[in-house]
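Thanks for sharing this one. Here are a few notes to read with the coordinates open.

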Amino acid sequence: MILEPKDIRETLEFDKVIKLLQNNCYGDPGREVLQNLPIETSLALIERKLEETAEYKRSVEKSDKVPFGPYESLQEAIKLLEIKDYVLPQEELMRIGVVSRLIDDLKHFFVGDRREIYPFLFELVDPVEHVPEITKSIHKVLDEEGEVRHNASSDLSRIRQLIGSKQKELERVFRSVINKYKKQGWLTDNVESFRNGRRVLSVPAEHKRKIRGIIHDESTTGRTAFIEPDGVIDINNDIFDLYTEEKREIYRILQALCDQLRPYRDALGKYKQLLVRLDVVQAKAGLASRMKARKPKLKKGPGLGIQMGRHPLLYLKNMDIGKETVPFDLTLFGKNRMLVLSGPNAGGKSVTMKAVGLMQLMIQSGMLVPADEISEFGVFDKVFADIGDQQSLEDDLSTYSSRLTNMRVFMEGATDKTLLLIDEFGSGTDPKIGGAIAEAILKDFNEEKCFGVITTHYSNLKIFAFKTPGIVNASMLFDKDKLAPTYQLKVGRPGSSYAFEIAEKTGLPDKVIKYAKKRTGRSEKAVDELLVDLQKEAQEVKEKLESLREREKKLDKLVKNYEHLHRDLEFKRKKIKLEKKEASLQQTAEANRAFENLVRELKEERNLEKAKKAAKKVRESRQELDKSIQNLREEVYYKDRQPAIEQRPVKAGDFVKMVSGGATGKVESIDRNKAVVQMGHLRMTLNLRDLELAREPLEINAAPSIQTDTTATNANFESKIDIRGMRMEEALEVVQDFMDKALMASSNHLQIVHGKGNGILRKAVKQKLREYKGINSIRHPEEEFGGNGVTIIDIE
């Protein structure tokens, strides 16, 4: 990202945010990276960094913290390992051990569900090769304090045992010598001391010739001599030799350890990179938790859509002292790209503008911000800021000259992906001339389609913003009654400077204020008031237009609902008519049996002509009724049908339902004009013409199913059966087959004729029917219609 001027990080206080992050770091390498934290312009990279921070923050909030802790740089150790036979000091080896254990913990953390819970953090850790031998090798040699273990080698163990034995012998002999000379009064009150690594006696100068041994030192006054007595010299020599041997053995052990670690230099380099990256992530997450920051939405291209935003540093400061920070909403997308912000001094204009710039830099650096998660942030390639006093004695520039220099640089580099932040635009010179130049520059920025927040007190800029597409006025609200700022941002209307009101509050003499008002004249104040009124009226018109559009949408929705209800009502009416026709067809079918019996009787009587006429009459009647039902079915289910969702040719994998209604199923395969459809536990073959696309149901049961072809079954199903004269087992099988077909045909009114007899068959039928769900009632008709000899079933 290109930032202008060079001190923009300090101007927007981004450097203070960096210091807060550095305070959160566990290691100096992380702090060094943060010192030059890159501000990205790649949408994908920013999204990844934000996700990493959000995931780490979430792990802390869920008490499932990613394991991490203090570490030190391995850069020097890795370089030294490149030197053949070089032996690292124990401190460097201890640092490698700490880093290796952190990697071990990270690798063990990301197992099972955590890989899915924290996918972006897992993608950071996963590519790094895990070498558990590093930790094992170091742990075998060094203890938790960084000291070489006694059992690091058998020789070291033997040497240390001998040292311990000699020290016990030394203690015994030395204690005997002390007791001997102490009784003779040849020792000082301190009795003993250490000199040159040797245990010695403290002897008054007058007695030093009486004790045989080696004088190692004398006190500064010469009154005390430090003598190693003869009895312990050989023991001390043995201990000294053993310590020398111990050092050689430790060196040999450490050399062997370094030889084991040397092949893993590349792995250690990757360990270091991963820990530094995670250190930066956890520092960002820690700061985000402090300022209650969230991850907003990222939007392709430049733009701002801040909801409930707060200045990050001001928010932290106010939280510490228990003070509220007033949030603001600011949207710069599409037509409105630049905001001209006006209002009284100390009203929050500059803080709001800085907050916008600081949050944008934080987002593009992978930091969460104190704004609502529905906020939207675009991506800018350049951020230009002109804030504060830019006076330069070295360059011989006044404040205004330096500002014009900045404007020249901005105009040369501004594009449609530039965010401009300009405070007190046009100030520093004659108001009329400064305002005119500022307006010309603002016009140029707008033509370049830049984005920006600009604060000003100049009326001509407010008017220019009101008249110019792409620029919108905004103000910081002011409480006239209390003569105090509210720090609330109001987009859509300019603000007054309230200079006279503030002057009165500060205690300026009335005569001064009256004179100033007289010199200003009414026209200046009238411009501000007129502009506010115009903006208010424009906003009211806009709100009314939005209200009318909303009402129009509601009206359209009501009309569509009415049309839908009307179609449903018409469909139900025709369906009832169809059901009556079908019922009539059932009755006709029953009557047909009587005619068939009559035809048989006529044949038996050899009256063929009469039989033919009767049969023809029955067929014609049946055909006429069939045709009527078919036409009605066509009208109900196919003609002018308005499905719930938009239709297209059905294909395998679609969810469908029958146009006549019923459950939703999934198409498994299609063969010409038929489809195999899975509906719950049933697999049915249906005509494509009888199907329409449907929405996916909440749950599809994929249990093993029954293959059924209903294309013929539905059309030929009769809602009445006669099981009189059948054996019990045969009758129940027929009833079961009858009920299965009835359910597939969606028939809801059935009759089973079983006769009265002794009632055994009737009871068996009822028992069988209880096995089926969805039956509303099982009853017997009136006596004249069969009574207990007929069972009627009503299905939902």
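The points below cover a helix pair, a single helix and one loop residue.

1. A word on the source before the details: this is a predicted model, so please read the geometry below in that light.

2. Let's start with the helix pair. Helix α2 (residues 14–24) and helix α3 (residues 28–35) have axes that come within 9 Å and cross at roughly 170°. Because angles over 145 degrees count as roughly antiparallel, α2 is roughly antiparallel to α3. The crossing of α2 past α3 is right-handed.

3. Which residues in α2 meet α3? They are Ile18, Leu21 and Gln22, and their partners in α3 are Arg31, Leu34 and Gln35. By type, the residues of this contact comprise three nonpolar, two polar and one charged.

4. Helix α14 (residues 349–363) passes a simple length check. With 1.5 Å a residue, its 15 residues should span 21 Å, and the end C-alpha atoms are indeed 21 Å apart.

5. How many residues of α14 are buried? Twelve of the 15 are, so α14 is largely enclosed by the rest of the structure. Among the buried residues are Lys349, Thr352, Gly357 and Gln360, along with Met353, Leu358 and Ile363.

6. Finally, have a look at Asp416, which sits in the loop between α15 (399–413) and β12 (418–422). Its relative accessible area is 43%, so Asp416 is partly exposed. Leaving aside residues up to four places away in sequence, Asp416 touches Pro302, Glu448, Lys449 and Phe451. Asp381 is 35 residues apart from Asp416 along the chain, and their C-alpha atoms are separated by 9.2 Å.

Note on methods: Residues numbered from 1 in each chain as written. Predicted model: local features only at pLDDT ≥ 70, side-chain atom pairs only at ≥ 80, totals over all residues. Heavy atoms only, no water. Axes fitted to C-alpha atoms, helices over the stretch in contact; angles between N-to-C directions. Helix = DSSP H or I, 4+ residues; strand = E, 2+ residues; numbered from the N terminus. Parallel < 35°, antiparallel > 145°, perpendicular 65-115°, else oblique. Left-handed = near helix turned anticlockwise from the far one by under 90°. Contact = heavy atoms within 4.5 Å. Nonpolar A, V, L, I, M, F, W, Y, C, P; charged D, E, K, R; others polar. Expected span 1.5 Å × (residues − 1). Buried < 20%, exposed > 50% of the residue type's maximum accessible area, 1.4 Å probe, protein only.
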